[in-house]
Each structure stands twice: as structure tokens, then as C-alpha cells.
Amino acid sequence: MGLLTVIKKVKAKEKEIRLLMVGLDNAGKTTIVKNLCGEDVSKTSPTLGFEIKTLAHNGYKLNIWDVGGQTTLRSYWRNYYEQTEGLIWVIDSTDVRRLEDCKRELHKLLVEERLAGATLLIFANKQDVSGAQSQEDLLKALELDKMGERHWRIVSCSGVTGEGVGKGLDWVVEDIAARIYMFNN
Amino acid sequence: MYTPDEVLKFKKPTEGFCCSLSDNKYGIEFLEFEIRDYDTSKSVFKISKSDAPDLSKLSLEATNGGSSVEDLVRTVRYKLPKEFLKFKTVRTLLKFCVGPGEVPSFRMIERHYYKGELLRNYDFTFGFCIPSSTNTWEAVYDMPVNSQEQVDDMIGSPNEHTSDTFYFVGDKLIMHNKAYFQYV
Ligand SMILES: Nc1nc2c(ncn2[C@@H]2O[C@H](COP(=O)(O)OP(=O)(O)O)[C@@H](O)[C@H]2O)c(=O)[nH]1
Ligand SMILES: [Mg+2]
């Protein structure tokens, strides 16, 4: 899997990147973050606030903010938009019933002015489950055709097996780094 | 009352505490703190709220020892295994909950001293905390490389490594804790 190897030591002078991880509850956000950190993914409990992890990735210091997605918590997401350089939206690809909910919440974020410059990574999670929607089907359902200038990408993954998780993170970090650290490398 | 900018200028440990326990108007409570070696995941320190000393017992000790209960509850004495001084990278985990109100902007500044001189400073902004939420913060730090001489010196000087941790909401100091480290 090799995910542990992508996490290196955090050095004091490293460039920082702030990532916000959101999506409906039960999408697999906490599982994905744990997988990235090489931790046991078999036990997660619902996030009743935020879980911040700082980790180093390809020379950057990442601060990942995983914020709970329960209905009652969603109205607080906006408090975490400031200074967010990358938005990671996680979808439970097996939850067809709440796809409409998922679409509505995502579209709300896309019109947020404070997130206008943020790179967007969409994780089509739980691909290890048979019958999971493909990323093409999800894209259609989410109606993501008016994205304008935004840098965005959808990546299929599984927080449980780790498939695709590192690839998604690599892309989002590279995209942000190219944008904000272009001149002082 | 001190602001973040002022505590960032402190060059030595404070004499006493810079605020009182009642300044914590937000019901912020620490539930768990753990220190691990990053490379082996070995836990070298773990405290959770359920292990916290009983206040009624503390008041007895306090009257004997001369320091107030207020001071005792915000002083932590760490006894860390001496290998800690050779760890390359350390992972810390802090879990806390907040009261029924919003916390607009939460920030921690921690200053470490050895024999009264500033060693290093940590500064982290949590930002907004959701009412009645439980939050965790896991951080990874590179540790300074210590020579054998420095290691021996630190082992031989218990409680000379100290820290002051200040917690702010906005510019307002709401908590101040002190820690003493010994390596055994
Ligand atoms: N099969 C499968 N289950 C997953 C995957 N990711 C998360 N889960 C499960 O989905 C549930 C919710 O996960 P969690 O990470 O807590 O979701 P969060 O609310 O978005 O943080 C847990 O039971 C996880 O084990 C995945 O990729 N595949
Ligand atoms: Mg979660």
C-alpha cells in the first residue's frame, strides 16, 4: 500500500496547507484521514466536532480539518472556510438514497465566496463495496457542469483498503502547491 | 490581562498563573492527552479526565504543601522515560470538549524552557469550536537532536524543563497551565 511512506516528518520550516474535509455523516471522512495516517481504520466513531491532524506530505505540512457531517453540524461548516486552500468532499458511493442531500450540500459550498479559490477534490468513497456507484454515475447525479475556473477532480477510493486515497491527496497537494507556492520555491 | 502578542515575548517562565480558573467562561475541558513516539507508536504518556486527581484529596495536600488548589489543578508533572530525549519525531493527541456556547477563536501558545531559558514555542490556532462539541487535535513534531551530554544533563536535572501553556479565545487569556518534566 505504501501509504506510510508518503507521510514524512514535519519540519519546522515546512510550508503549510490547510485542507477541509467535509461531506455527509457516514461518508467515510474520518476513515480516509486515518488511512492516510497509517492508523487502524476498523474503529471510527461519529465526529462530534472537529478532528485535526497535522502531517507532512511531500515536503508540505498539511493541516487536515475533518468536521462532523451530521445535519446539526453542517450549519457550522462555514466557520472553517477561512484560509482553506483545499476542499475534500467525501461521498458514500453506496448511499443512493441521500445522493440528493449530498448534491444540495455540495452545491451550497461551491457558491461560497470564501471557498471560491479552493481546489476541490471529490472522493467517491466505499468503492470496495459491490454495487457502489461509479464516479461517472456520481458526476451525472451531482450535476457538476458549471464549475467555471475552479481546479477540481473526482477520484474513486476506499478508506478501508486505502485504494485511491494517496492518489487523491497527491493531486490536491500538488495542485495547491503549484498555485500558492509557485513563486517562493 | 495578557494578549497572545505579549506572551509570545515571554523569555522566562511566569512567576504564577496569569489568569484565574474562573476566566474559562467557555466550559473548555481537556479530556485526554497522549504523547507517542512517531516511529514506533509507543505511548510514553497518557492522561484522561477519568484519571484526574480527586479535588477533595487535593485540598488536603494543598493545605500541607502551601500551594493553592487552584494552582495544583493546573500543574502537570510529567515523568517521561529517558528514551523520549532521543525520539526523532513525536505525535501528540489532545482531546477537549466545549460548553454549550460557541467558541469564536481558540488558540494555544506553549512555551518551553530549560533552566529558565526559552527552548521552543508552539503556536496553534484551532479557530471556531462548535457548541457542545468534542474535538481532537493530533500533531506531529520533529524533536531537537540532543547530544549525549545534553541528554545526561536533562536526566540529571528533574523539573528544570518546564512549560507555560496559554489558551486564548480571541485576544483574551482563558486558561494557563504549567508543566514540569522529568526524565527517568
Ligand atoms: N466498506 C467501506 N466502509 C467504509 C469506507 N469508508 C468508511 N466506511 C465505513 O463507514 C462508516 C462511517 O465512516 P466514518 O469515517 O466514521 O464517516 P464520517 O462520518 O464521514 O467521518 C464506518 O462504519 C466506516 O467503517 C470504505 O471505503 N468502504
Ligand atoms: Mg467523522
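Where does A:Glu143 lie in chain A? I began with this residue and found A:Glu143 in the loop between helix H5 (135-142) and strand S7 (152-156) of chain A. I note that helices (H or I, at least four residues) and strands (E, at least two) are DSSP runs, numbered from the N terminus. Before going on, I recorded that this is a predicted model, in which local features need pLDDT of at least 70, side-chain atom pairs count only at pLDDT 80 or more, and totals for chains, interfaces and linings use all residues. Residues are numbered from 1 along each chain as its sequence is written, chains are lettered from A and ligands numbered from 1 in the order in which they are written, and side-chain values use heavy atoms, with hydrogens and water left out.

**Entry 1. Two residues with positive phi**

I looked up the backbone of A:Glu143 and found a positive phi of about 50°, although this residue is not a glycine. At 43% relative accessibility, A:Glu143 counts as partly exposed. For this term I use the following cut-offs: buried means under 20% relative accessible area, exposed over 50%, and partly exposed in between (1.4 Å probe, protein chains only).

In chain B, I turned to B:Lys115, which is not a glycine either and has a positive phi near 50°. B:Lys115 sits in the loop between strand S5 (103-114) and strand S6 (117-129) of chain B. Its relative accessibility is 44%, so B:Lys115 counts as partly exposed.

**Entry 2. The surroundings of ligand 1**

I next listed what surrounds ligand 1 and found 16 residues, the closest being A:Asn26, A:Lys29, A:Thr30, A:Thr31 and A:Asp128. A residue enters this list if one of its heavy atoms lies within 4 Å of the ligand. By type, the shell divides into four nonpolar, eight polar and four charged residues. In this division Ala, Val, Leu, Ile, Met, Phe, Trp, Tyr, Cys and Pro count as nonpolar, Asp, Glu, Lys and Arg as charged, and the others, Gly among them, as polar. Helix H2 (residues 29-36) of chain A gives the largest share of the shell, three residues.

I then looked at individual atom pairs. An oxygen atom of ligand 1 is 2.8 Å from an N or O atom in the side chain of A:Lys29. For the side chain of A:Thr30, the distance from a ligand oxygen to an N or O atom is also given as 2.8 Å. At A:Ala27 the partner is a polar backbone atom, 3.2 Å from an oxygen atom of ligand 1. The protein covers 79% of the 580 Å² of accessible area that ligand 1 has on its own. Such areas come from the Shrake-Rupley method with a 1.4 Å probe; for residues, only the protein chains shown count as cover.

**Entry 3. A:Thr30 and A:Thr47**

Which residues does UniProt list for "binding site"? I found A:Thr30 and A:Thr47, in an unreviewed entry. Although spread over 18 residues of sequence, they cluster in space, with a largest C-alpha distance of 7.7 Å. UniProt positions are given in the numbering used here, feature names are shortened, and annotations may be inferred rather than shown by experiment.

A:Thr30 belongs to helix H2 of chain A; at 11% relative accessibility, A:Thr30 counts as buried. A:Thr47 lies in the loop between H2 and strand S3 (50-57) of chain A, and at 7% relative accessibility A:Thr47 counts as buried. The two side chains make a polar contact (3.0 Å). By polar contact I mean a pair of N or O atoms within 3.5 Å; within protein, one must be able to donate a hydrogen and the other to accept it, and residues adjacent in sequence count only if both atoms are side-chain atoms.

**Entry 4. Helix H2 and A:Lys53**

I checked the cover of H2(A) and found eight of its eight residues buried. A:Gly38 follows H2(A) and has a positive phi, near 70°.

In strand S3 of chain A, I looked up A:Lys53. This lysine is buried, with a relative accessible area of 8%. Its side chain makes a polar contact with the side chain of A:Glu39 (2.7 Å). A further polar contact, of 2.8 Å, joins the side chains of A:Lys53 and B:Glu138.
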